[in-house]
Amino acid sequence: MQAKLRLAPARVELERRGGNIYLRSPQKLAPFARCVTEWLVRWSDKAPERTFLAERKGDGWRKLTYREAYGAVRRISQALLDLGLSAERPVAILSDNGVDHALLALGAMHVGIPVAPISPAYSLMSQDYGKLKHIFELVQPGLVFAADAAKFAPALAAVGAKSTSVAELLESNPGSTQEREHARVGPQTVAKILFTSGSTGMPKGVINTHGMLCANQQQLAQAWPFVEDRPPVVVDWLPWNHTFGGNHNFNLVLPGSVETTVKNLAELSPTMYFNVPRGYDLLLPYLERDEKLRQSFFRELDVLFYAAASLPQNLWDRLKKLGGPRLAMLSAWGSTETSPLATSVHFHMERPGVIGLPIPECELKLVPTAGKLEVRVRGPNVMPGYYKRPDLTREAFDEEGFYRIGDAVRFADADDPAKGIVFDGRVAEDFKLTSGTWVNVGAVRVKLIAAADPLVQDAVITGHDRDEIGALVFLSAAAKDRPDVRERLSAALAKLTAEGGSSTHPRRLLVMSEPPSIDANEITDKGYINQRAVLERRAALVEKLYAGDEGVITAG
């Protein structure tokens, strides 16, 4: 663990104009790489024998150094060009993280061929393959890869595709064509097409250019200069089809060192650990009961980082208890459309919820909307648009070119903007009670989950145009076979009621017997609940919740 982490000064420039608030970093963005694989080329020369990628293989390890990885990437690049792949004929990757996945993605991007990593859930959890079929029709891939072709056989058959092995691609010898096409790759070249579910409908393809990804890594390095103080070791499981795992974490270690699999935390001591709140929820019981794992995990750890959702206070407290006072806990905020980083916490956090300040040359526009501040984003890390969807692209940006992300924020300290902003929920999810009082759905959800810890996996908040707030509740694995679940949930409601504030907590619950459906868009491939889709599909259960059915749980 480093004695003191180097962080950028917590400063922000604030401008009020036309009824809106504009926030920007006073830091200027330094020059950044031309393309993603420029980092691989650099470290292949500078630290050729350093391990870049490693994964379990039987009882041992499959490891690749930077030099070995760069050699494999050049061979794969040539093979893809020989097969006629191009900007119009991308690579589609169906399977989970792995060394072959990484090499294929880098090989494609190295010569300007876009990569579309597709959530394995669309192949393995779906019953009708509707989302997968939609993506294939949109992308028209020139090559498809699934690490386990037999496992993905039904999905491949559904889209009329076959999987090409990376071993086959590695048989090519790189030539002048590969060198020429690599030289043509620039900031505007499409690197990836990442699919995001959105609140309704089919997944949207977010264009990620090389310029976006390279700028974002430079922005991260300037906000967190400590990442360059020693080669980072990241033990990571976050999926590469998601911007957090595939852009933020993977690109971070292109100039570092990565050992990827969560099972190896007992052997490998990370210097930085990234996860979503649900991941920490799953990991904490192991850390709390296994001293050896705990020692290995915290031995070299400089930073615990969370993003993608609000971290409940109970998880924050448990992590701080294990990590001790010197452990830094940082966060950030953004989306697939922003590479993902738009803000970062580069100062001491006293509580969860703060999402930091704008990173260099990324500007925030705060627009008063329905009693909140809707936040919009503009900068070199923001997407140019959605793949083959000019209609969605036009709707996504305002008249000043700011991306409408759909989130709301507020200042952590109204008198001191440098203390950062706090995530204040999704604008479209909030609603009014019949009293006219606005309900902050995100805050209510987090509060309920924390009060019922560890029984509630997730909750959908109800109450639009009703007298009081309710919730449809999905139980966690910890609630299985417990006879006192109803009593515990009733006690949680009683506790929240005693704290006061009718618009800040539910008064009634209904436990769901059916898990959220990915085909009905109730849950995203990343495991996040789609509030609107659940409310629409389960409208009859919402009515049951307010009709006083015997299954409804109220404060005891």
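**Exercise 1. Is Gln531 buried or exposed, and what is its relative accessible area?**

Solution. The model is a predicted one, and the first step is to place the residue, which lies in helix H17, spanning residues 531–537. The next step is to compare its accessibility with the cut-off: buried means under 20% relative accessible area, and Gln531, with 6%, is therefore buried. The last step is to look at its surroundings, where, leaving aside residues up to four places away in sequence, Gln531 touches Glu429, Val441, Arg445, Ala459, Val460 and Ile461. With Ile461 there is also a polar pairing, as a polar atom of the Gln531 side chain lies 3.0 Å from the backbone nitrogen of Ile461.

**Exercise 2. Work out how the chain as a whole is arranged, from its overall dimensions to its domains.**

Solution. Begin with the radius of gyration: a compact globule of 556 residues would have a value near 24 Å, and the chain agrees with this because its own value is 24 Å. Along the principal axes, the C-alpha atoms fill a box of roughly 75 × 55 × 50 Å, and 56% of the 556 residues count as buried. Then consider the contacts between residues at least 6 apart in sequence, of which 69% join residues at least 24 apart. Finally, divide the chain into domain 1 (1–29 + 210–384 + 397–428), domain 2 (36–185) and domain 3 (431–554); the centres of domain 1 and domain 2, taken over C-alpha atoms, are separated by 27 Å.

**Exercise 3. Describe the nonpolar cores and name the residues that stand out in them.**

Solution. The largest nonpolar core has 69 residues, and those with the most contacts inside it are Trp224, Phe297, Leu304 and Leu366. Its largest share, 5 residues, is contributed by strand E14, which covers residues 328–334. A second, separate core holds 40 residues, among them Trp39, Met109, Ile113 and Ala191. To look more closely at one member of the largest core, take Phe297, which touches Leu265, Pro270, Tyr273, Leu283, Leu287 and Leu304 when residues up to four places away in sequence are not counted.

**Exercise 4. Decide how far helix H3 is enclosed, and check its length.**

Solution. Helix H3 (residues 99–110) has 12 residues and reaches 16 Å from its first C-alpha to its last, which is close to the 16 Å expected at 1.5 Å a residue. Since 11 of these 12 residues are buried, H3 is largely enclosed by the rest of the structure; Val99, Leu103 and Met109 are among the buried ones. After the helix comes Gly112, whose phi is positive, near 80°.

**Exercise 5. Locate the cis peptide bonds at Pro340 and Pro454, then compare the settings of Glu361 and Asn521.**

Solution. Ser339 and Pro340 are joined by a cis peptide bond with omega about 20°, and Pro340 lies in the loop between E14 and strand E15 (341–344). The peptide bond from Asp453 to Pro454 is likewise cis, with omega near 5°, and Pro454 lies in the loop between helix H15 (441–451) and strand E23 (456–462).

Turning to phi, Glu361 has a positive value near 65° although it is not glycine, and Asn521 has a positive value near 70°. Glu361, in the loop between strand E16 (354–358) and strand E17 (363–369), counts as partly exposed at 42% relative accessibility. Asn521, in the loop between strand E25 (508–511) and H17, is buried, with a relative accessible area of 7%.

Terms used
Residues numbered from 1 in each chain as written. Heavy atoms only, no water. Core = buried A, V, L, I, M, F, W, Y, C linked by side-chain atoms within 4.5 Å. Buried < 20%, exposed > 50% of the residue type's maximum accessible area, 1.4 Å probe, protein only. Helix = DSSP H or I, 4+ residues; strand = E, 2+ residues; numbered from the N terminus. Contact = heavy atoms within 4.5 Å. Domains from an automatic or database assignment. Expected span 1.5 Å × (residues − 1). Polar contact = N/O pair within 3.5 Å; in protein donor to acceptor, adjacent residues only side chain to side chain. Rg over C-alpha atoms; globule rule 2.2 N^0.38 Å.
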